[in-house]
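Thank you all for coming. I would like to walk you through one structure this morning, going region by region, and I will take questions at the end.

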Amino acid sequence: MGERIFLSSPHMSDEGYEMQYVKEAFDTNWIAPLGENVNGFEKELAEKVGSKAAAALSSGTAAIHLALKAAGVGKGDIVFCPTLTFSATANPIIYQNAIPVFIDSDYETWNMSPKALEEAFEKYPEVKAVLVVHLYGLSADMDQIMDLCRKRNVPVIEDAAESLGTYYKGKHTGTFGDYGIFSFNGNKIITTSGGGMLVSNHEERIAKARFWATQSRDQAKHYQHSELGFNYRMSNVVAGIGRGQLKVLDQRVKKKGYIFNFYKRELGGLNGVEFMPSNEWDEPNFWLSSMILTGLVRPSDVMEALEKENIEARPVWKPMHMQPFFEKYDFVGSDVSEKLFENGVCLPSDTKMKDEDLERVCMIIKRLWLR
């Protein structure tokens with residue numbers, strides 16, 4: 001059995017950029033949730049994506065939570081959320097004692113369907129905020145979504161956890177709405193082992209988010225708190241890793257695209273295989289190369305065959321409205337997200353993969369069509 005091939009694992013730079021910043025944190029004894037690396041990472045990430053301000057936080061989930069709070073979402077408020085996503089998108093809605101309404105996907109983007117979103121607006125005109133996800137590094141159709149939201153003056157929060165480095169019509173995802181969030185979890189395109197970033201052009205709102213994230217400690221010599229706070233700030237050590245990783249983001253995006261095109265070339269001609277959609281306005285980061293199978297070979301066949309050879313593959317996200325915890329909440333749409341889950345599989349997309357690894361994966365998958 002060959003060496004384990006992961007879906008998407010941490011990949012530190014060959015140049016050792018990360019260690020330079022981490023060493024600086026150790027050399028200055030600045031091992032705390034504040035410091036030069038935190039400030040630098042916020043500034044550099046904001047500049048990279050073209051946003052005015054950023055707050056470095058402990059996770060992407062924390063960033064969504066503070067974005068909802070900044071948008072004024074509270075008890076009993078309705079928030080629209082894509083159903084085809086990871087639970088970390090939806091959980092913060094519950095943290096705020098708000099009510100999620102799940103929106104279906106479309107086949108054109110695999111993301112929130114503008115048609116279903118419009119139906120949801122008709123059903124729930126009092127909606128407080130809209131959460132948009134850019135799944136697997138594919139951009140949602142932001143022009144249509146933003147147009148619908150602007151007409152109703154509803155704030156938009158972009159969950160760009162999986163799409164750092166993705167462009168929609170030449171502009172970074174995460175920068176169209178009022179707030180954008182990025183994740184640096186271990187499996188993301190760049191990682192800090194854990195961590196997230198909240199970005200916005202509303203600089204005063206980002207300053208407020210930083211305040212909330214540091215336990216809402218008032219400006220006083222003693223410990224005084226006039227608002228509920230959270231322990232959400234990023235560590236100076238972790239931020240150092242992020243600064244180093246940011247230097248190789250473009251390399252990682254290029255490699256992810258190479259992996260996707262390799263799979264599409266080798267497997268795209270197989271009966272019943274269709275890869276993630278591409279649109280003329282979308283420049284994806286191809287975080288995970290995913291395909292749908294509509295023939296005799298099923299996703300479970302692919303995942304089992306790969307696992308026998310010590311290779312990791314995963315299903316497409318199970319929709320939130322099908323999850324035991326969330327099934328009591330309303331869902332607007334048809335069955336697109338369910339079909340994507342039923343027929344979808346995410347292939348190993350680790351940026352450390354070599355051509356022989358990709359060939360090995362493709363060979364195992366191709367065998368399934370020879371049975």
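Let me start with Tyr136, which lies in the loop between strand 4, residues 129-133, and helix 6, residues 142-151. Please keep in mind throughout that what you see is a predicted model. The phi of Tyr136 is near 55°, a positive value in a residue that is not a glycine. Is Tyr136 buried or exposed? With a relative accessible area of 1%, Tyr136 falls under the 20% limit for a buried residue, and so Tyr136 counts as buried.

There are other positive phi values to point out. Asn97, again not a glycine, has a positive phi of about 60°, and Asn97 sits in the loop that runs between helix 4 and strand 3, the latter being residues 99-103. A further case is Gln215, which follows helix 7 and has a positive phi near 65°.

The loop that holds Asn97 is also the place of Gln96. Gln96 has a relative accessible area of 13%, and is therefore buried. Which residues does Gln96 touch, if we do not count those up to four places away in sequence? They are His65, Leu68, Lys69, Val73, Gly74 and Lys75. As for a position further along the chain, Gln96 and Arg233 are 137 residues apart in sequence, and their C-alpha atoms are 19 Å apart in space.

Lys52 makes a useful contrast, and its place is the loop between helix 2, residues 36-49, and strand 1. At a relative accessible area of 57%, Lys52 is exposed. Leaving aside the neighbours within four places in sequence, Lys52 is in contact with Ser200, Asn201 and Glu203. Ser193, on the other hand, is 141 residues from Lys52 along the chain, and the C-alpha atoms of the two are separated by 25 Å.

That brings us to strand 1 itself, residues 53-57, where five of the five residues are buried. In a regular strand the side chains alternate between the two faces of the sheet. In strand 1 both faces are covered, with Ala53, Ala55 and Leu57 buried on one side and Ala54 and Ala56 buried on the other. Which way does strand 1 pair with strand 9, parallel or antiparallel? Strand 1 and strand 9, residues 196-200, pair in the antiparallel sense over five bridges, and within that pairing Leu57 stands opposite Gly196 of strand 9.

Helix 7, residues 203-213, belongs in this part of the picture, and its buried residues are Ile206, Ala209, Phe211, Trp212 and Ala213. What do these buried residues pack against? Their partners are strand 1, helix 3 and strand 9.

Next, the open spaces in the model. The largest pocket has a volume of about 320 Å³. Of the 22 residues that line this pocket, Phe86, Ala88, Ala161, Ser183 and Lys188 are the closest to its centre. Helix 3 (60-70), helix 4 (87-95) and strand 8 (179-183) each supply at least two residues of the lining, and the largest share, three residues, comes from helix 3. In chemical terms the pocket lining divides into eight nonpolar, 11 polar and three charged residues.

How many cavities of 30 Å³ or more are there? The count comes to one, and the volume of the largest cavity is about 50 Å³. Among the residues that line this cavity are Ser8, Ser9, His11, Lys188, Arg252 and Thr351, and the lining as a whole divides into two nonpolar, six polar and three charged residues. Lys188 thus appears in the lining of the cavity as well as among the residues closest to the centre of the pocket.

Last comes an open sheet of four strands in the order 10-12-15-13, with antiparallel pairing. Strand 10 (273-275) and strand 13 (314-315) stand at the edges with a single partner strand each, so one side of each is left without a neighbour in the sheet. Three bridges join strand 10 to strand 12, residues 290-293, in the antiparallel sense, and Phe275 stands opposite Met291 in strand 12. Helix 11, residues 336-343, packs on this sheet and touches strand 12 and strand 15 (344-346), with its direction at about 55° to that of strand 15.

Terms used:
Residues are numbered from 1 along each chain as its sequence is written. This is a predicted model: local features need pLDDT of at least 70, side-chain atom pairs count only at pLDDT 80 or more; totals for chains, interfaces and linings use all residues. Side-chain values use heavy atoms; hydrogens and water are left out. Buried means under 20% relative accessible area, exposed over 50%, partly exposed in between (1.4 Å probe, protein chains only). Two strands pair if DSSP finds at least two bridges between them. On a 1 Å grid over the protein atoms alone, a cavity is a set of points where a 1.4 Å probe fits but cannot get out, and a pocket is an open set with protein on both sides within 12 Å along at least five of seven lines; lining residues have an atom within 4 Å of a point. Grid points are joined across faces, edges and corners, and a volume is the space filled by probe spheres set on the points. Ala, Val, Leu, Ile, Met, Phe, Trp, Tyr, Cys and Pro count as nonpolar, Asp, Glu, Lys and Arg as charged, and the others, Gly among them, as polar. Contact means heavy atoms within 4.5 Å. Axes are lines fitted to C-alpha atoms, for helices over the stretch in contact, and angles run from 0 to 180 degrees between N-to-C directions.
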